[in-house]
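I opened my notebook to look up a few things in this model: a charged pair, the nonpolar cores and one loop residue. Here is what I wrote down, in the order I looked.

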Amino acid sequence: MPIKSKIRSLIDNTDTKSGKAFALLIQSLIIVSLVSFSIDTLPNLSSTTKELLYAIEVITVAIFTFEYLIRFIVAKKKLKFVFSFYGLVDLAAILPFYISTGLDLRAVRVFRLLRLVRILKLLKYNQAINRFHRAIVIAKEELILFGFISSVMLYLSAVGIYFFENAAQPEQFKSVFHSLWWALTTLTTVGYGDMYPITAGGKLFTFFVLVVGLGIVAVPTGLVASALSQVREQDAT
């Protein structure tokens, strides 16, 4: 067997002991990296702790870089690998370390843990994912239409609250674009409270936006749930 095929089998085939060991090693390093990243966000860390965390980052990035290069070299279609989901995630997780962009994308590495599903061979979960995908396909047109209507409602909500509150709160509701944040948090019923109406008209308008927002949250859930029921019925027959 050619050397490239052997390496490809090692990094991609988790049916063998060596392949599974390699995959679990990478998964463990990802978890170590995520834990060290989380610790690094704590305030008032000692210089010793910071040096230790940096050393862990250097080691893990070096291993991840080596793994990325190996995957690139043995890939049959190199461009396809580079622009694949995992290829982009792998690159985004290591590239900021080498260039001073000010971005810290170490948390992106959590997406690499999705490979664990393949490693563990969770057939039941694969079936569930397949059913969910089929449900999304069934409800695709309705979801697209719903997304369009939601975008229109988002814009109209921003325009409405701007006209009601701009005169009373010119700093908060400076423009329609500034009002989009309020519209988003209100329509999704999150309501952070950093922007809120103080005029009677604005409060009344907010009431109607909240009522519409309840529907916006419920509709896609109902669509997907209905489609999932349809998929289950198809599997049962």
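Entry one, the charged pair. I found Glu67 buried, and Arg71 buried as well; buried here means under 20% relative accessible area, exposed over 50% and partly exposed in between, with a 1.4 Å probe and protein chains only. Before going on, I noted that this is a predicted model, where local features need pLDDT of at least 70, side-chain atom pairs count only at pLDDT 80 or more, and totals for chains, interfaces and linings use all residues. Residues are numbered from 1 along each chain as its sequence is written, and side-chain values use heavy atoms, with hydrogens and water left out.

Glu67 and Arg71 form a salt bridge, with the closest N and O atoms 2.8 Å apart. The rule asks for a side-chain nitrogen of Lys or Arg within 4 Å of a carboxyl oxygen of Asp or Glu, and by it I count one salt bridge. Both residues sit in helix H3, four residues apart, about one turn of the helix. Helices are DSSP runs (H or I, at least four residues), numbered from the N terminus.

Entry two, the cores. I looked up the largest nonpolar core and found 14 residues, with Ile11, Ile26, Ile30, Phe64, Tyr68 and Phe81 having the most contacts inside it. Such a core is a set of buried Ala, Val, Leu, Ile, Met, Phe, Trp, Tyr and Cys residues joined through side-chain atoms within 4.5 Å. Helices H2, H3 and H4 each give two or more residues to this core, and H2 gives the most, with five.

Entry three, the loop. I placed Gln169 between helices H8 and H9.
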